[in-house]
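Let's take a friendly walk through a protein model together. Keep the structure open beside you as you read.

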Amino acid sequence: MSKLFRAVIMGPPGSGKGTISERIAHNFGLKHLSSGDFVRENISAKTEAGVLAKTYIKKGLLVPDHVMTRLLLPRLVEMTKYSWLLDGFPRTLAQAEALNSACDLDIAINLNIPLETLKERLRHRWIHPASGRVYNMCFNPPRVQEIDDITGEPLIQQEDDRPEALVARLRHYKDVAKPVIDFYKAKGILYTYSDTETDQIWPNICTLLSTRIPTIQSDARCASTP
Ligand SMILES: Nc1ccn([C@@H]2O[C@H](COP(=O)(O)OP(=O)(O)OP(=O)(O)O)[C@@H](O)[C@H]2O)c(=O)n1
Ligand SMILES: Nc1nc2c(ncn2[C@@H]2O[C@H](COP(=O)(O)OP(=O)(O)O)[C@@H](O)[C@H]2O)c(=O)[nH]1
């Protein structure tokens with residue numbers, strides 16, 4: 001069996017983590033593990049960690065490290081046979097350290113996108129709340145305006161995607177992400193990508209992964225559309 005591959009993807013809200021993760025999962029056959037989706041599933045299933053997490057999210061706060069870790073690490077244990085890409089976790093140094101004790105990462109992808117670009121993207125972000133599917137009215141619009149392509153259900157815009165809320169979210173992101181970025185830099189596994197367009201970043205990530213996941217050969221996989 002080929003070696004399993006483990007990666008995390010980091011970046012501020014709107015930096016394209018979800019979009020790029022979908023492309024990586026599709027092109028390289030990794031499991032895309034979204035911590036936001038895990039949180040939402042636990043909230044719906046009313047697990048102990050989910051009930052606790054909800055009290056923080058309702059107030060617009062980050063879920064505390066011990067709750068996030070309790071929620072995430074058991075899911076990774078279920079994934080020991082698979083290669084995966086973790087999106088949205090770790091957000092803090094404590095989460096990065098907990099993950100480090102649970103498994104060895106091959107790479108950490110860090111998306112560095114200008115503030116104006118983030119604001120513009122999130123202004124146009126619409127999501128399907130039940131599945132977490134993400135659209136952008138300019139970049140990847142749904143077939144029918146404000147309607148999910150798969151279920152036909154209505155799309156919504158998140159309160160905290162408003163430009164006024166975004167500045168505070170970004171400031172907070174920078175503060176907590178800096179030590180995580182330094183942690184992965186010190187381990188020699190950090191790959192940072194800076195651009196205003198996902199389609200410019202994607203071929204570079206694809207090239208990196210093609211050299212690191214030897215079972216995948218074709219350059220054709222690096223096309224922008226999944
Ligand atoms: N490591 C994490 C991951 C998620 N969350 C909580 O779960 C919510 C949903 O996570 P996600 O879908 O990643 O949402 P956003 O913060 O909206 O992320 P982004 O805009 O970057 O996609 C977050 O707002 C946060 O309250 C958290 O506290 N810690
Ligand atoms: N205009 C534009 N929008 C993009 C680009 N890449 C992603 N998006 C959109 O920007 C928003 C944020 O992307 P998302 O993947 O949700 O970012 P995340 O918050 O980091 O997970 C979504 O509405 C995407 O469809 C891009 O290169 N250009």
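## Before we start

In this report, two residues are in contact, or touch, when they have heavy atoms within 4.5 Å. With that in hand, look at Thr-92: leaving out residues up to four places away in sequence, Thr-92 touches Asp-65, Val-176 and Val-180. Please keep in mind that the model you see is predicted.

## Thr-92, a residue in a loop

Where does Thr-92 sit? You will find Thr-92 in the loop between strand 3 and helix 5, and helix 5 covers residues 93-102. A loop residue can be buried or exposed, and here a cut-off helps: buried means under 20% relative accessible area. Thr-92 has a relative accessible area of 12%, so Thr-92 is buried.

One of the neighbours of Thr-92 deserves a second look. The side chains of Thr-92 and Asp-65 make a polar contact at 2.8 Å.

## The pocket residues of ligand 1

Next, find ligand 1. The shell around ligand 1 holds 17 residues, and those that come nearest are Lys-17, Val-63, Gly-88, Arg-91 and Arg-125. Sorted by character, the shell has eight nonpolar, four polar and five charged residues. Which element gives the most to this shell? Helix 2 does, with four residues.

Now zoom in on the atoms. A polar backbone atom of Val-63 is 2.7 Å from an oxygen atom of ligand 1. For Arg-91, an N or O atom in the side chain is 2.7 Å from an oxygen atom of ligand 1. Arg-169 joins in as well, with a polar side-chain atom 3.0 Å from an oxygen atom of the ligand. On its own, ligand 1 has 570 Å² of accessible area, and the protein covers 85% of that.

## A closer look at helix 2

Helix 2 runs over residues 35-44, and its buried residues are Ser-35, Phe-38, Val-39 and Asn-42. Why do these four lie on the same side of helix 2? They cover an arc of only 100° around the axis, so they end up on the same side of the helix.

What covers these buried residues? The cover includes strand 2 (31-34), helix 3 (48-58), helix 4 (65-78) and strand 3 (84-87). After helix 2 comes Lys-46, which has a positive phi, near 55°.

## The surroundings of ligand 2

Ligand 2 is surrounded by 17 residues, and the closest are Gly-14, Thr-19, Arg-125, Asn-140 and Thr-198. This shell divides into five nonpolar, eight polar and four charged residues.

Again, the atoms tell a more detailed story. A polar backbone atom of Gly-14 is 2.8 Å from an oxygen atom of ligand 2. In the side chain of Glu-197, an N or O atom is 3.1 Å from an oxygen atom of ligand 2. A nitrogen atom of ligand 2 has a polar side-chain atom of Thr-198 at 2.6 Å. How much of ligand 2 does the protein cover? It covers 91% of the 580 Å² of accessible area that ligand 2 has on its own. Helix 1 (17-28) and strand 6 (133-136) are the elements that give two or more residues to this shell.

## Three more buried residues

Strand 6 also holds Asn-136. With 11% relative accessibility, Asn-136 counts as buried. A polar atom of its side chain lies 3.3 Å from the backbone oxygen of Arg-121. Neighbours within four places in sequence aside, Asn-136 is in contact with Arg-121, His-124, Arg-125 and Pro-141.

Now turn to Ala-7, which is found in strand 1 (residues 6-10). Is Ala-7 buried or exposed? Ala-7 is buried, with a relative accessible area of 1%. Not counting residues up to four places away in sequence, Ala-7 touches Trp-84, Leu-85, Leu-86, Leu-105 and Ile-107. Last comes Ala-49, a residue of helix 3. Ala-49 is buried too, with a relative accessible area of 8%. With residues up to four places away in sequence left out, Ala-49 touches Val-67 and Leu-71. The C-alpha atoms of Ala-49 and Arg-70 are separated by 7.2 Å, while the two residues are 21 residues apart along the chain.

How values were computed:
Residues are numbered from 1 along each chain as its sequence is written. Chains are lettered from A and ligands numbered from 1 in the order in which they are written. This is a predicted model: local features need pLDDT of at least 70, side-chain atom pairs count only at pLDDT 80 or more; totals for chains, interfaces and linings use all residues. Side-chain values use heavy atoms; hydrogens and water are left out. A residue is near a molecule or strand if one of its heavy atoms lies within 4 Å of it. A polar contact is a pair of N or O atoms within 3.5 Å; within protein, one must be able to donate a hydrogen and the other to accept it, and residues adjacent in sequence count only if both atoms are side-chain atoms. Accessible areas come from the Shrake-Rupley method with a 1.4 Å probe; for residues, only the protein chains shown count as cover. Ala, Val, Leu, Ile, Met, Phe, Trp, Tyr, Cys and Pro count as nonpolar, Asp, Glu, Lys and Arg as charged, and the others, Gly among them, as polar. Buried means under 20% relative accessible area, exposed over 50%, partly exposed in between (1.4 Å probe, protein chains only). The arc is that of the directions from the helix axis to the C-beta atoms.
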